[in-house]
Amino acid sequence: MAESDKEDLIRLIDDNEEREIEIPGRLPLLPVRDVVIFTDMVLPLYIGRDPSMRAIEDAMQNNRLIFLAAQKDPMTEEPNSKEIYRVGTVCRILRMLKLPDGHFKVLIHGIEKAKVSRFVNKKTYYHVNIDLIPDRSVEEIDLEHQALMRNVRENCEKILNIKGEYTGEIGMLLDEIEHPGKLADLVSSNLKLKTEEAQGLLEEEDPVQRLNQVNNYLTREVELSTVQAKIQSNVRDEISKNQRDYFLREQVRAIHKELGEQDERSAEVEDYRSRIKKAKMPKEPAKEAEKQLKRLEQMHPDSSEATIVRTYLDWLVELPWSRSTKDVIDIPHAKSVLDKNHYSLDRVKDRILEYLSVRKLNPGKKGQILCFVGPPGVGKTSLGQSIADAMNRKFFRLSLGGIRDEAEIRGHRRTYIGAMPGRILQGLRYCNSNNPVFMMDEIDKIGMDFRGDPSSALLEALDPEQNTNFSDHFVNMPFDLSRVLFILTANMTDTIPPALLDRMELIQLPGYTEEEKTVIAERYLLPRQLSENGLTTDYFSLSPASLSRIINEYTSEAGLRNLEREIAALCRKVARKIAEGQSGPFRVTRGNLHTYLGPPQYIPELDQDESQMGLATGLAWTQVGGEVLYVEVSLLEGKGELIITGQLGEVMQESARAAVSYARAHREALGVKKNTFDSLDIHIHVPAGAIPKDGPSAGIAMATALISALTRRPVDKTVAMTGEVSLRGRILPVGGLREKAIGALRFGINTIIIPQKNKPELSEIPKNVRRKIKFIPVNTLDEAIEVAIGKDLAKTPQRAPAKTRTKTAAKSQTGKEKA
């Protein structure tokens, strides 16, 4: 608005104040949105709704007076009488301007408060009957009123000073107003209040009370303005600092350029460019690296985004895209390395040498995924290290036990704070080679939760047909894993997902026999523990008899870990004696072994002193090797019920029912009386009830123990058996025969009944085990009973079974037994 227009407007307002305006009782209504008009308030309005424009035209044709009231809902286009506040302001239209689009722009001046008494509906817009609302008179301005008015003036000055808008003219205007109502209306019209709050002030008739409310709003506004000013000041300071730093850096760059030198930022960019070139990346990663480097050049070096880009570039240039170690495949050398580090395991060694032979003849062949499956402590992890040594490759071990987050394999997206690649690319960066021997331990113990399924993420990495373009979420570029030799380890295959298991070649590593453990202890374990404990053979020696006793009476395992712990305990005790000043040498014999290690923890002999009725010896496979499983059967007076105890799984319970059905079907052949099954309860129990047990191979032991109890003939205590029994008495094949045979030997068994179809597997059992154990293949249950019970054994009274072997709780650590 020009200065001449302002002067005309002031003159017009002054003229209106000098002559009294007569306000009629009916006026056209103009509903307004998001604004409340106070008296003496001058405000421009943009009029766009058709009814509103007609109301303006009506007012201009008469006395220029119009009634303005606020809408309750500003989103309503055509409000009815219930959607408009009843208290508003009578205003005079000072000017009206018709815009090119047909809409109006008007300048209005608030004259007097009024209240709608009636809405007069017309076709296009409302007319309203109004009653004026004069302010209550204030008889005398006392000290309290003066203090309140001064407080309002001071708060106004504070807000204007904070915003930098205070002038002397404004101060004089505030000081000249001596009426509380006028002061309240002036301040209210300039405060940013919600429509509901402003309407409340307008409807308040008591000027002092209205000024009090205005003072409260002013106090709140002062606090908000103070905080806002502080925030803006901090932002300005930060911007000023950044601009100053940027200006200084540009000056430094210009100085370095004049001197022919490079500044830090340019040196960093050139360093990255050189490293990208040396990395010899494939086309796509190299293109992405150049793109990110250009982004880094344009960023502020101290910004958070620049840090993310630097981290990403560091990973790109440090990954071994084209770096690899040269394979040295010498089959005789590889065989000597495997024989040097591992005793026995001939079948496993042969498979590894076959793999290396194929790699030598066809270097481009895609690598197979080997999975070593066996009990703990049999040397699965150390075999991987030996393969790396034999091939002259780097070795990296990744433990998968307990991993539940898919990002551990595939990495995190770069959008997350602290994001990094998955463990596979981390391992390759650590090895600085794209063809290491990558061992993944405990694949059978990988988990899954709401964060994803890591085993599914491994499918791409472990599939030779897919891993040429392995995609990590962080790098987001395909990486070739086809040259990596992946070796996995597991204690059992039951928990490995089938899709993942299908991509592996399983190599079984069964437990060691006593002779193998003895040789390994003498060649590897004892020398290592002597070295670690600072001893020599001059101070300490271990007799063969004592070593054999340690193996049989102080350990019960398929592997070697507990054996090495016991040998380490011996070395520590001898080291303490030497440190205390005792003179050696110290020789540990079978006779004085208990003084070092205490009483024996396991009794390897058979649990029962003699053969008993209703007690048969079965064989079970566990995660730590083969175990002996005793099956007890007792006949009790009852009603022919079958009682099964010992925490048996569904398969073993079905085997027990099948054994009872076989015995009932062959009652006459077994010489059992007709009413025996109706008058007796059969109780089948498998000791060590705290251990879950399941599997079909205990069926033959259950049937033998039941028939022994029914015929009152004892089962030979030196005979163990394994096999699934059918309803017709056929003995079906089972698995884990090698582990079961080795476990039976530890418990003093000299005869094992096996299914006829398992006979070909005897060649895989170590020769020393076959020399000590007699294997009897059978086709039917009758053949097994003839071996275990015999035909001509005299009837003997039933004895209670002897106590189970000591330290049963140790078996519970092996997990779920599979009979």
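At what angle do helix H18 and helix H20 pack, and how far apart are their axes? In this predicted model, H18 (residues 514-532) and H20 (residues 561-579) pack at about 45°, with axes 10 Å apart. Beyond that pair, there's a second helix packing to look at, H9 with H10, plus an open sheet of 5 strands with helices H12 and H13 lying across strands of it.

**H18 and H20**

- The angle of about 45° makes H18 oblique to H20.
- As for handedness, H18 and H20 cross in the right-handed sense.
- H18 brings Lys517, Ala521, Leu525, Leu526, Arg528, Gln529 and Leu530 to the contact, and H20 answers with Leu563, Glu564, Ile567, Ala568 and Cys571.
- Sorted by class, the H18 and H20 contact comes out as 8 nonpolar, 1 polar and 3 charged residues.

**H9 and H10**

- Helix H9 (residues 283-298) packs on helix H10 (residues 304-318) at about 150°, and their axes are 10 Å apart.
- That angle makes H9 roughly antiparallel to H10.
- The crossing of H9 and H10 is left-handed.
- On the H9 side, the contact uses Glu288, Ala289, Gln292, Leu293, Arg295 and Leu296.
- On the H10 side, look for Glu305, Ala306, Val309, Arg310, Tyr312, Leu313 and Leu316.
- The H9 and H10 contact splits into 8 nonpolar, 1 polar and 4 charged residues.

**A salt bridge between H9 and H10**

- Glutamate 305 and arginine 295 join their side chains in a salt bridge, at 3.0 Å from N to O.
- Because glutamate 305 sits in H10 and arginine 295 in H9, the pair ties together parts that are 10 residues apart in sequence.
- Across the structure, salt bridges number 31.

**The sheet**

- The strand order is E8-E9-E12-E7-E13, and the pairing is parallel.
- E8 (395-399) and E13 (505-508) are the edge strands; each has a single partner strand, so one side of each has no neighbour in the sheet.
- From one strand to the next, the twist averages 25°.
- Inside the sheet order, E7 (residues 370-373) pairs with E12 (residues 485-490) in the parallel sense, over 4 bridges.
- For a spot to click on, try cysteine 371, whose bridge partner in E12 is leucine 488.

**Helices across the sheet**

- Helix H12 (residues 346-361) lies across E7, E12 and E13, and runs at about 145° to E13.
- Helix H13 (residues 380-391) lies across E7, E8, E9 (437-441) and E12, and its angle to E9 is about 175°.

Technical notes. Residues are numbered from 1 along each chain as its sequence is written. This is a predicted model: local features need pLDDT of at least 70, side-chain atom pairs count only at pLDDT 80 or more; totals for chains, interfaces and linings use all residues. Side-chain values use heavy atoms; hydrogens and water are left out. Axes are lines fitted to C-alpha atoms, for helices over the stretch in contact, and angles run from 0 to 180 degrees between N-to-C directions. Helices (H or I, at least four residues) and strands (E, at least two) are DSSP runs, numbered from the N terminus. Angles under 35 degrees count as roughly parallel, over 145 as roughly antiparallel, 65 to 115 as roughly perpendicular and the rest as oblique. A crossing is left-handed if the near helix is turned anticlockwise from the far one by less than a right angle, and right-handed if clockwise. Contact means heavy atoms within 4.5 Å. Ala, Val, Leu, Ile, Met, Phe, Trp, Tyr, Cys and Pro count as nonpolar, Asp, Glu, Lys and Arg as charged, and the others, Gly among them, as polar. Two strands pair if DSSP finds at least two bridges between them. A salt bridge is a side-chain nitrogen of Lys or Arg within 4 Å of a carboxyl oxygen of Asp or Glu.
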